[in-house]
Amino acid sequence: MINNVETYLYIALFLFAIGLYGVLARRSLIAVLISVELMLNAAMINFMAFNRFLAPHPAVGQIYALFIMAVAAAEAAIGLSIIVAIYRKMKSINVEHATELRG
Amino acid sequence: MSAWFSDLTLLGCFLCMVLPIASFGLIMIFTRNNHKLSLAISLLCSTIPLMIAWSLLYRYWDIAEPIVYNYDWILSDFIKIPFGFLLDPTSLLMLTIVATISWLVQIYSIGYMEGDPGFGNYYAFLSLFALSMLGVSISSGLLQLYICWELVGVSSYLLIGFWYEKFSASEAGKKAFVVTRFGDVGFFMGLAILTIFYGNLEIANINSAAVAQSMPPWLISTGALLIFCGVMGKSAQFPLHVWLPDAMEGPTPVSALLHSATMVAAGVFLIARIYPFFSASPEAMAVALALGTITLLLSSTIGMVATDIKQVWAYSTVSQLGFMIMGLAAGSYFAGYFHLTTHAGFKALLFLCSGVFIHHFGTNDFFVMAAKGGRKLIIPMVTITIAALALSGIFPFSGFFSKEAILGALYHHPNKIWFLMGLFGAFLTAYYTFRVIFVMLFPKNSAPEEKHGHDEPHEEHHGVPWVMSIPLLILATFTIILGFCQGYLERFLLGHTLHHEHNYLLLVSAVIAALSGIGLAWLDWGSKKAKCVGFISYVPALENFFKEKWYMDHFWRWFLNAFIYGTFSRLFTYNDRRVVDGGVDTVAFSTIGSGRLLSFLQTALLQLNLLFMVVVVAGVGLYLLMGR
Amino acid sequence: MVEHVADFPYLTCMLLAPVVGLTIILFLKEEWHFLIRVVSLSAAAIALGLSIYTFVNYDTALGGLQFVEKYEWVKSFGIYYYVGVDGINAPLLLLTGIVIFTGVLTMWELENRVKEYFAFMLALVTGVFGVFMSMDMFVFFLFYEIAVVPMYILILIWGSTRKIYAAMKLTLYLMAGSGLIIPGILLLYATSGINTFDMIQLHGVHFAPWVQKTAFVLLYFGFGVLAAVWPFHTWSPVGHVAAPTAVSMLHAGVLMKLGAYGILRVAMFLCPDGFQYWAQLMALLAAVGIVYGVFVGLAQTDLKYVIGYSSVSHMGIVGLGLATGTVDGINGSVFQMFAHGVMTALFFSAVGYIYDRTHTRMIYELGGFSKIMPVASGYFIIAALCGAGVPGFASFWAELLVFISAVKVFPVRGLIALASIVIGALFALRVVQKTFYNEPNPKFIHFKDVSPFLGLPRAILVATMVLFGIFPRLMLDLIKSAVVPFVNGL
């Protein structure tokens, strides 16, 4: 019962929901960034799970996982640099203060 | 290419075109600021054409067949414009007149323009003028003639506006160019229509007798009338005469060369040039006769009240041009052309003499000149009197013969009214001419206060420099002897001598008209008891009318302001700003505006937006999943 | 059409000269102004030299396309790198060479962001060369877009008077034009059935009448925007005014010709029946443009606006010539493209010198400049006389040919347009009088006249005008060799 695909999917769902909540609810940009990483990890777990139980070829999901890791690293770098830039300009990393583009 | 050098005639024609333009280019590019060198170049490049012109005239005195040289200048599909030379009596005579007067004026200008900062430019412009006018004389095709004709307009523009710091001078230059352009557009339309319906516009071809038969009459008339528009512009015929009096803002030698002797005669020359074609259209001849007559009377009457000496001669030029056109339009090619020749001599002389007075006294007002002792300048005073006698048509001066010829032609016209008008014009001419002469010769003490002339200021000079008096003497000689050459010229131009029936009625009436004009002038201005007011002042309304130049200037000014600037220009500009541009801008701004309307959705609350996104994506996802 | 393959890639070199110059400039330091100028001048000089070479060595007796290079580019769509010269584009390539060369010289005194400026200018001119030499519709359009884009930046950064508005307006207009051109080109491509963008091959296809009519009107208005066809002209005076001097020169001198050339080369060449159908409209819009341009110009007070509207009028003459569809008319039209290009370049170059000194272009603030700087003013006066259609300059012949053939084909429109040249003269001389004659404004009296080196570009332009004005056959025989077969194919 433990070692089947659904268990992993539930874990991933849980992780994704936490990440989504973090993105939507936390006001600090750093926390938002961390939450995004959680969501990416949830996707990664999904890939690994499907690969383990369903895919004919054993390597495809792992390759995607590696890709996601690379993307996450790039995203973290760019995201952090944007946050630093925002901090320099606003003296704050609160999302609600970044309102320059209000219509 | 070797033909250019083996054939001396061709080489001569070629040099007549190349030398002046070379002079113009050299002076403008290199030697503008070196007055002596510029003068030398320009004189060299006008003396050679002078010699060429006279030797060509001598060599081809018994010319029977016209000599034509043609080279391709432009070969498009349908439009072919040759560049060439046509030498026949008409062009040879004009060539000689232009080269001679142009040379004399260049000599005279050495004295007149001395010390002017634009001396170099002046000679460059004179060279440009020489090029274009020589080109008009010997062009072989009408389109080539038109091109030179336009260049004449340009050089006239540059020379009138020579003292461009003066507002009136630059204004006059512009006016001259635009008004003549007005006529030239008609000319060009005529050429376009003739090209389209007929094709070959070589002068030798268009003058051939076959043309009159092969073309439909409407085409000849339309063509001739449109070409006459160009004549009206250049030769200052009513109603386009308004530019010529203003053109006197230019230096006086320029007025002598361009605006009396040669350039304005170009229109008359054009009619003479295509006379067989022109006379094939009775309508065009009638229009020309009527307009010539109106011009003659209009400008003579204005000449009676002008006080600026150059204005008097300017109006006199306009009237004499009208007179020439009357002669041509009355059917006598010789009379019109002969008057052109004599007029070129004596009118240039009149202007050059006036130039001496203006130069000497620094004023244009001949009352002031008289008061300052104008008659003490012996040479100019004698020569101006000779020229005035010629202008009034007194025996034995050249004007007598040519006027006689024109009046003869008018006399033979079936409608005698033109003849009477011509006589009246001759009377007025004599009157206004001798008004000037008598005022100058017999100054009254009641002369008006000295006022500052609007010509260029000059230091007080002593005596007349010889470079200025020599051309006067040469021209005076021409004025005296040219009349007696009538027979030779007739044989040269027409190939045979006209049969002169001595019509004493004609002779006597002409002499009486001239003498009574002079007599009236004597009574009004000359004799000791004269009141020094013109007889016209007894009718103040008329005098005012003449002084206001028949309100023609007002009319054109009104026309320009009301229609060109006031209506079309303003409406179109308004349309451009508001309708065309405004329409486009409205589209652009409404795009921006509609964006503004929806921009309230952009709250800048990042997480709220994300929430919306998540909800919508989840909703759609659920719908897709459950919908199955 | 006969083709003569080149023995040496002259045209590719002409196209690459600005690209290489541009690349070198990108690697130079921002402060090395002189070096940057020299590099761009030499790139322009190479392009000019090659364009003169092709102009002189084009064999009119052989005719057809010469100096041809043709390589496959994208086979599945039938796109070729296909360049060649005939009598129609040889003068325009020469014009581009002259204008870019004199344009670089005119901007010699620029001090503000020199590197970027010359880089963008060379990019712009690459596009222009590409358009004029391409015989492939797709590559043609590609270069067309390349030519349009740098203009936006050039006006935005180095411009004056309402530059943001002008740059935006110009770009939007031209993009709208492109938006019409693309469907036109694709319609022809799709209905041809031979899967090629090669215009020479497409010329052999007989398109259905509805295709021709639709494609022609799309292409006519699309290119017409760039050729300032009335009523799509308002971007052009605004753009001229805002642009810096050399950009105005390129813009009015060359870019507007791209539009007219496109109408001739793509629209008329590929859709002859469509042209016959729309010729009346073309003539009408052109005649309106001629008359309208001079009247609006008469009311302007900014020197560059005046020139801008005179361009509208003169481009109307080009359009009128094209609309006649006769050999004379198209000869005149192509000649006018060349002559007007040189003339407006001279105009803007002359105004640029005065504006750089006085920082005003308002006619009523200037005055008496003939006294202050006789040579610099002389160039403007010469340009104004060209504009007034004085003989002795190339533009005279062009106008003569166009007007005579226009009177022949469209008598009423032709005569009305012809009559407007009186106003043209008034309009040119009015500006000359107000700006250069009368008493000088004491504020400007201390300015120096143009030095021989800085006067060089203007002198080159004047010399070109006069050369082809006195010997028109140098140009006209060449043009005719291409126009005669062109008209036979209509």
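# Three chains, asked and answered

Modeller: Of the two pairs of chains that touch, chains B and C share the most contacts. Keep in mind that this is a predicted model.

Biologist: How do you know that chain A and chain C are not in contact?

Modeller: Being in contact takes C-beta atoms within 7 Å. For chain A and chain C, no contact turns up, and their closest C-alpha atoms lie 21 Å apart.

Biologist: Okay, back to B and C. How many residues does each chain bring to that contact?

Modeller: Chain C brings 44 residues and chain B brings 41 residues. On the chain C side, the helices that each supply at least two residues are H11, H13, H14, H16, H17 and H19. H17(C) has the largest share, eleven residues.

Biologist: What makes up the side of chain C that touches chain B, by class?

Modeller: There are 29 nonpolar, eight polar and seven charged residues on that side.

Biologist: And where chain B meets chain A, how many residues are there on each side?

Modeller: Twelve residues of chain B are in contact with ten residues of chain A. That side of chain B divides into eight nonpolar, four polar and no charged residues.

Biologist: Let's take chain A by itself. Which elements does it have?

Modeller: Chain A has three helices and zero strands, so to speak an α-α-α run from the N terminus on.

Biologist: Why is chain A called more spread out than a compact globule?

Modeller: Set the value against the rule: for 103 residues the globule rule gives 13 Å, and the radius of gyration of chain A is 17 Å, well over that, so chain A counts as more spread out than a compact globule. Its C-alpha atoms fill a box of roughly 50 × 25 × 25 Å along the principal axes. As for burial, 10% of the 103 residues count as buried.

Biologist: Then what makes chain C as compact as a globular protein of its length?

Modeller: The radius of gyration of chain C is 21 Å, and the globule rule gives 23 Å for 490 residues; the two are close, so chain C passes as compact for that length. The C-alpha trace spans about 70 × 55 × 40 Å along its principal axes, and buried residues make up 66% of the chain. In chain C, 82% of the contacts with a separation of 6 or more come from residues 24 or more positions apart.

Biologist: Which elements build chain C?

Modeller: Chain C has 19 helices and three strands. An open sheet takes three strands in the order S1-S2-S3, with mixed pairing.

Biologist: Why are S1 and S3 of chain C called edge strands?

Modeller: Each of them pairs on one side only, and that is what an edge strand is here. Pairing itself needs at least two bridges. S2(C) and S3(C) are joined by six bridges and run antiparallel, with Val74(C) bridged to Ile79(C) in S3(C). Helix H1 of chain C lies across S2 and S3, at about 70° to S2(C).

Biologist: How do you know that H15(C) is largely enclosed?

Modeller: A residue is buried when 20 or more other C-beta atoms lie within 10 Å of its own. In H15(C), twelve of the 14 residues are buried, so the helix is largely enclosed by the rest of the structure. Among them are Tyr379(C), Phe380(C), Ile381(C) and Ile382(C).

Biologist: What span is expected for H15(C), and what does it reach?

Modeller: At 1.5 Å a residue, 20 Å is expected, and H15(C) reaches 19 Å from its first C-alpha to its last, which is close. Just after the helix, Gly389(C) takes a positive phi of about 75°.

Biologist: One last residue. Why is Ser395(C) called buried?

Modeller: The cut-off is 20 or more other C-beta atoms within 10 Å. Ser395(C) has 28, so it is called buried. Ser395(C) lies in helix H16 of chain C.

Biologist: Which residues is Ser395(C) in contact with, leaving aside its neighbours within four places in sequence?

Modeller: Gln336(C), Ala339(C), His340(C), Met343(C), Cys386(C) and Gly389(C). Two of those names came up earlier: Cys386(C) is one of the buried residues of H15(C), and Gly389(C) is the residue with the positive phi. The C-alpha atoms of Ser395(C) and Gly469(C) are separated by 7.3 Å, though the two are 74 residues apart along the chain.

Conventions. Residues are numbered from 1 along each chain as its sequence is written. Chains are lettered from A and ligands numbered from 1 in the order in which they are written. This is a predicted model: local features need pLDDT of at least 70, side-chain atom pairs count only at pLDDT 80 or more; totals for chains, interfaces and linings use all residues. Helices (H or I, at least four residues) and strands (E, at least two) are DSSP runs, numbered from the N terminus. The expected span of a helix is 1.5 Å times one less than its number of residues. Ala, Val, Leu, Ile, Met, Phe, Trp, Tyr, Cys and Pro count as nonpolar, Asp, Glu, Lys and Arg as charged, and the others, Gly among them, as polar. Axes are lines fitted to C-alpha atoms, for helices over the stretch in contact, and angles run from 0 to 180 degrees between N-to-C directions. The radius of gyration is taken over C-alpha atoms; the globule rule is 2.2 Å times the number of residues to the power 0.38.
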